[in-house]
Amino acid sequence: MNNDPINNDKDICQQMVSIAELASNQHNDRRQITFRIAIGYTTLLALGFYLTIKTPRQEVLPPNFHIPWIISGLLVFLTFVYCWALRVLHVASNNDVRRRDFYLKKAECILHHMSKNGSSPFTPDSKDKYIIINLGVGENRNPITECQLFNEKQPDIFIPSMKKTCPKLIGSPMRIIDFHYFSLIALPIFLTILLMINLLVR
(Lines give C-alpha, C1' and ligand atoms only; values in the text may rest on other atoms or scores of the structure.)
Protein backbone atom coordinates (compact mmCIF):
# COMPACT_ATOMS: atom_id res chain seq x y z
CA MET A 1 0.00 0.00 0.00
CA ASN A 2 1.38 3.40 -0.98
CA ASN A 3 1.31 5.89 1.93
CA ASP A 4 3.28 8.59 0.15
CA PRO A 5 1.05 11.73 0.44
CA ILE A 6 2.48 13.17 -2.79
CA ASN A 7 1.63 10.05 -4.78
CA ASN A 8 -1.78 9.92 -3.09
CA ASP A 9 -2.45 13.47 -4.30
CA LYS A 10 -1.44 12.44 -7.80
CA ASP A 11 -3.74 9.42 -7.71
CA ILE A 12 -6.68 11.45 -6.42
CA CYS A 13 -6.07 14.10 -9.05
CA GLN A 14 -5.94 11.47 -11.81
CA GLN A 15 -9.19 9.90 -10.58
CA MET A 16 -10.93 13.27 -10.64
CA VAL A 17 -9.65 14.00 -14.14
CA SER A 18 -10.91 10.59 -15.27
CA ILE A 19 -14.39 11.26 -13.86
CA ALA A 20 -14.42 14.71 -15.46
CA GLU A 21 -13.38 13.19 -18.80
CA LEU A 22 -16.18 10.60 -18.57
CA ALA A 23 -18.73 13.35 -17.85
CA SER A 24 -17.38 15.40 -20.75
CA ASN A 25 -17.71 12.44 -23.12
CA GLN A 26 -21.26 11.77 -21.95
CA HIS A 27 -22.09 15.44 -22.48
CA ASN A 28 -20.75 15.35 -26.04
CA ASP A 29 -22.64 12.12 -26.81
CA ARG A 30 -25.91 13.57 -25.54
CA ARG A 31 -25.39 16.74 -27.56
CA GLN A 32 -24.97 14.66 -30.72
CA ILE A 33 -28.10 12.62 -29.97
CA THR A 34 -30.07 15.81 -29.26
CA PHE A 35 -28.86 17.38 -32.49
CA ARG A 36 -29.83 14.34 -34.56
CA ILE A 37 -33.30 14.14 -33.01
CA ALA A 38 -33.86 17.87 -33.51
CA ILE A 39 -32.71 17.85 -37.14
CA GLY A 40 -34.66 14.70 -37.97
CA TYR A 41 -37.98 15.80 -36.47
CA THR A 42 -37.72 19.38 -37.74
CA THR A 43 -36.97 18.11 -41.25
CA LEU A 44 -39.96 15.76 -41.11
CA LEU A 45 -42.27 18.61 -40.09
CA ALA A 46 -40.83 20.91 -42.76
CA LEU A 47 -41.42 18.30 -45.44
CA GLY A 48 -44.99 17.79 -44.23
CA PHE A 49 -45.60 21.53 -44.29
CA TYR A 50 -44.15 21.83 -47.80
CA LEU A 51 -46.34 18.95 -48.99
CA THR A 52 -49.52 20.54 -47.63
CA ILE A 53 -48.62 23.88 -49.24
CA LYS A 54 -47.75 22.57 -52.71
CA THR A 55 -50.33 19.80 -52.99
CA PRO A 56 -54.12 20.10 -52.60
CA ARG A 57 -55.32 18.33 -49.49
CA GLN A 58 -57.65 16.14 -51.53
CA GLU A 59 -54.64 14.63 -53.30
CA VAL A 60 -52.81 13.96 -50.04
CA LEU A 61 -55.59 12.79 -47.73
CA PRO A 62 -58.75 10.76 -48.27
CA PRO A 63 -61.96 12.85 -48.44
CA ASN A 64 -62.83 12.14 -44.81
CA PHE A 65 -63.66 14.89 -42.30
CA HIS A 66 -62.01 13.08 -39.38
CA ILE A 67 -58.64 12.35 -41.00
CA PRO A 68 -57.16 15.91 -40.65
CA TRP A 69 -58.22 16.02 -36.99
CA ILE A 70 -56.67 12.63 -36.30
CA ILE A 71 -53.42 13.68 -37.97
CA SER A 72 -53.42 16.99 -36.08
CA GLY A 73 -53.90 15.15 -32.78
CA LEU A 74 -51.04 12.83 -33.68
CA LEU A 75 -48.83 15.84 -34.50
CA VAL A 76 -49.58 17.41 -31.12
CA PHE A 77 -48.75 14.14 -29.35
CA LEU A 78 -45.48 13.64 -31.29
CA THR A 79 -44.39 17.23 -30.66
CA PHE A 80 -45.12 16.83 -26.95
CA VAL A 81 -43.02 13.63 -26.88
CA TYR A 82 -40.26 15.43 -28.81
CA CYS A 83 -40.18 18.34 -26.32
CA TRP A 84 -40.24 15.96 -23.35
CA ALA A 85 -37.42 13.79 -24.75
CA LEU A 86 -35.24 16.82 -25.45
CA ARG A 87 -35.95 18.15 -21.97
CA VAL A 88 -34.72 14.88 -20.43
CA LEU A 89 -31.57 14.97 -22.56
CA HIS A 90 -31.08 18.65 -21.77
CA VAL A 91 -31.19 18.12 -17.99
CA ALA A 92 -28.85 15.11 -18.21
CA SER A 93 -26.43 17.05 -20.40
CA ASN A 94 -26.36 19.97 -17.96
CA ASN A 95 -25.72 17.57 -15.09
CA ASP A 96 -22.77 16.18 -17.06
CA VAL A 97 -21.39 19.72 -17.27
CA ARG A 98 -21.79 20.09 -13.52
CA ARG A 99 -19.95 16.83 -12.89
CA ARG A 100 -17.19 17.76 -15.31
CA ASP A 101 -16.56 21.19 -13.83
CA PHE A 102 -16.86 20.00 -10.21
CA TYR A 103 -14.12 17.40 -10.54
CA LEU A 104 -11.97 19.53 -12.86
CA LYS A 105 -11.98 22.36 -10.31
CA LYS A 106 -10.85 19.99 -7.58
CA ALA A 107 -8.14 18.57 -9.81
CA GLU A 108 -6.96 22.08 -10.72
CA CYS A 109 -6.65 23.00 -7.03
CA ILE A 110 -4.54 19.91 -6.32
CA LEU A 111 -2.36 20.48 -9.40
CA HIS A 112 -1.83 24.12 -8.46
CA HIS A 113 -0.76 23.10 -4.97
CA MET A 114 1.60 20.43 -6.30
CA SER A 115 3.22 22.93 -8.68
CA LYS A 116 3.86 25.35 -5.80
CA ASN A 117 4.48 22.93 -2.93
CA GLY A 118 5.56 19.67 -4.44
CA SER A 119 7.02 18.35 -1.17
CA SER A 120 3.93 18.73 1.00
CA PRO A 121 0.54 16.99 0.83
CA PHE A 122 -2.44 18.93 -0.42
CA THR A 123 -4.74 20.46 2.19
CA PRO A 124 -7.62 22.73 1.18
CA ASP A 125 -6.91 25.51 3.64
CA SER A 126 -7.40 28.57 1.46
CA LYS A 127 -10.18 30.81 2.81
CA ASP A 128 -9.48 33.62 0.37
CA LYS A 129 -9.32 31.76 -2.93
CA TYR A 130 -12.80 31.81 -4.46
CA ILE A 131 -13.91 29.34 -7.14
CA ILE A 132 -16.86 29.47 -9.55
CA ILE A 133 -18.57 26.25 -10.62
CA ASN A 134 -20.51 26.11 -13.90
CA LEU A 135 -24.10 24.95 -13.46
CA GLY A 136 -24.39 23.88 -17.07
CA VAL A 137 -27.25 26.20 -18.00
CA GLY A 138 -25.36 29.39 -18.66
CA GLU A 139 -25.39 30.16 -14.95
CA ASN A 140 -22.69 30.09 -12.30
CA ARG A 141 -23.28 29.38 -8.66
CA ASN A 142 -22.10 31.88 -6.07
CA PRO A 143 -18.30 31.80 -5.66
CA ILE A 144 -17.14 29.39 -2.95
CA THR A 145 -13.81 28.98 -1.22
CA GLU A 146 -11.42 26.13 -1.83
CA CYS A 147 -12.34 24.71 1.58
CA GLN A 148 -16.03 24.77 0.74
CA LEU A 149 -15.37 23.06 -2.57
CA PHE A 150 -13.55 20.14 -0.97
CA ASN A 151 -16.15 19.86 1.79
CA GLU A 152 -18.68 18.97 -0.91
CA LYS A 153 -18.52 15.25 -1.63
CA GLN A 154 -20.47 15.33 -4.88
CA PRO A 155 -21.41 17.83 -7.59
CA ASP A 156 -24.55 19.92 -7.49
CA ILE A 157 -26.81 17.64 -9.54
CA PHE A 158 -30.36 18.61 -10.49
CA ILE A 159 -32.86 15.75 -10.06
CA PRO A 160 -36.39 16.89 -11.03
CA SER A 161 -38.04 13.59 -10.00
CA MET A 162 -36.78 13.97 -6.41
CA LYS A 163 -37.83 17.58 -6.00
CA LYS A 164 -40.71 16.82 -3.61
CA THR A 165 -39.50 13.69 -1.83
CA CYS A 166 -35.84 14.63 -1.25
CA PRO A 167 -35.37 18.42 -1.40
CA LYS A 168 -31.72 18.16 -0.33
CA LEU A 169 -30.83 16.00 -3.33
CA ILE A 170 -32.28 18.08 -6.14
CA GLY A 171 -29.26 20.37 -6.47
CA SER A 172 -29.41 23.94 -7.66
CA PRO A 173 -32.60 24.94 -9.45
CA MET A 174 -32.52 24.80 -13.22
CA ARG A 175 -34.49 27.18 -15.36
CA ILE A 176 -37.50 25.50 -16.95
CA ILE A 177 -36.55 26.86 -20.38
CA ASP A 178 -33.21 28.37 -21.27
CA PHE A 179 -32.13 29.70 -24.63
CA HIS A 180 -30.46 26.48 -25.83
CA TYR A 181 -33.49 24.31 -25.06
CA PHE A 182 -35.93 26.91 -26.42
CA SER A 183 -33.98 27.10 -29.70
CA LEU A 184 -34.48 23.34 -30.15
CA ILE A 185 -38.24 23.30 -29.57
CA ALA A 186 -39.36 26.67 -30.97
CA LEU A 187 -39.18 25.81 -34.68
CA PRO A 188 -40.81 22.34 -34.41
CA ILE A 189 -43.68 23.82 -32.35
CA PHE A 190 -44.11 26.61 -34.92
CA LEU A 191 -44.08 24.14 -37.82
CA THR A 192 -46.57 21.90 -36.02
CA ILE A 193 -48.99 24.82 -35.65
CA LEU A 194 -48.63 25.79 -39.31
CA LEU A 195 -49.08 22.21 -40.42
CA MET A 196 -52.24 21.83 -38.32
CA ILE A 197 -53.65 25.05 -39.77
CA ASN A 198 -53.01 23.80 -43.30
CA LEU A 199 -54.68 20.48 -42.52
CA LEU A 200 -57.74 21.88 -40.77
CA VAL A 201 -58.41 25.15 -42.60
CA ARG A 202 -57.53 24.50 -46.22
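This passage describes the salt bridges, nonpolar cores, selected residue environments and a surface patch of a predicted model.

A search of the whole structure finds three salt bridges. One of these joins D96 to R30, with the closest N and O atoms lying 2.2 Å apart; because D96 belongs to helix α3 and R30 to helix α1, this pair ties together parts that are 66 residues apart in sequence. D96 also meets R99 in a salt bridge, for which the N to O distance is 3.2 Å, and since D96 and R99 are three residues apart in helix α3, about one helical turn separates them. R30, D96 and R99 are thereby linked in a network of salt bridges. Within this network the acidic residue D96 is buried, at 0% relative accessibility, whereas R30 is partly exposed at 25% and R99 is partly exposed at 30%. The side chains of D101 and R100 form a further salt bridge, with an N to O distance of 3.0 Å, and D101 is buried, its relative accessible area being 13%.

The surroundings of R30 also involve S93, a residue of helix α3 that counts as buried because its relative accessibility of 8% falls under the 20% limit. Not counting residues up to four places away in sequence, S93 touches H27, R30 and R31.

The largest nonpolar core comprises 15 residues, of which C109, I110, L149 and F150 touch the most other members. Helices α1, α3 and α4 (146-151) each supply at least two residues of this core, and α3 gives the most, with six residues. Apart from this core lies another, made of 13 residues, among them L75, L86, L184 and I185. The contacts of F150, again leaving aside residues up to four places away in sequence, are with K106, C109, I110, F122 and P124; C109 and I110 are thus partners of F150 as well as being named with F150 among the members of the largest core that touch the most others.

Two further residues illustrate contacts between segments distant in the sequence numbering. T42 is located in helix α1, which spans residues 5-54, and is buried, with a relative accessible area of 15%. A polar atom of the T42 side chain lies 2.7 Å from the backbone oxygen of A38, while the contacts of T42, not counting residues up to four places away in sequence, are with Y82, L187, P188 and L191. I189, for its part, is found in helix α5 (residues 179-201) and counts as partly exposed, with a relative accessibility of 33%. Under the same exclusion of residues up to four places away in sequence, I189 touches T79 and C83. In addition, I189 and V76 are 113 residues apart in sequence, and their C-alpha atoms are 8.8 Å apart in space.

At the surface, L74, F77, L78, F80, V81, W84 and V88 make a nonpolar patch of about 720 Å². One of these residues, W84, is situated in helix α3, which covers residues 66-116. W84 counts as exposed because its relative accessible area of 55% is over the 50% limit. Helix α3 therefore contains W84 of the surface patch, the buried residue S93, and the D96 and R99 members of the salt-bridge network.

Definitions and conventions
Residues are numbered from 1 along each chain as its sequence is written. This is a predicted model: local features need pLDDT of at least 70, side-chain atom pairs count only at pLDDT 80 or more; totals for chains, interfaces and linings use all residues. Side-chain values use heavy atoms; hydrogens and water are left out. Patches are made of residues with over 30% relative accessible area and no salt bridge: like charges are joined within 9 Å, nonpolar side chains (Val, Leu, Ile, Met, Phe, Trp, Tyr) within 5 Å. Accessible areas come from the Shrake-Rupley method with a 1.4 Å probe; for residues, only the protein chains shown count as cover. A salt bridge is a side-chain nitrogen of Lys or Arg within 4 Å of a carboxyl oxygen of Asp or Glu. Helices (H or I, at least four residues) and strands (E, at least two) are DSSP runs, numbered from the N terminus. Buried means under 20% relative accessible area, exposed over 50%, partly exposed in between (1.4 Å probe, protein chains only). A polar contact is a pair of N or O atoms within 3.5 Å; within protein, one must be able to donate a hydrogen and the other to accept it, and residues adjacent in sequence count only if both atoms are side-chain atoms. Contact means heavy atoms within 4.5 Å. A nonpolar core is a set of buried Ala, Val, Leu, Ile, Met, Phe, Trp, Tyr and Cys residues joined through side-chain atoms within 4.5 Å.
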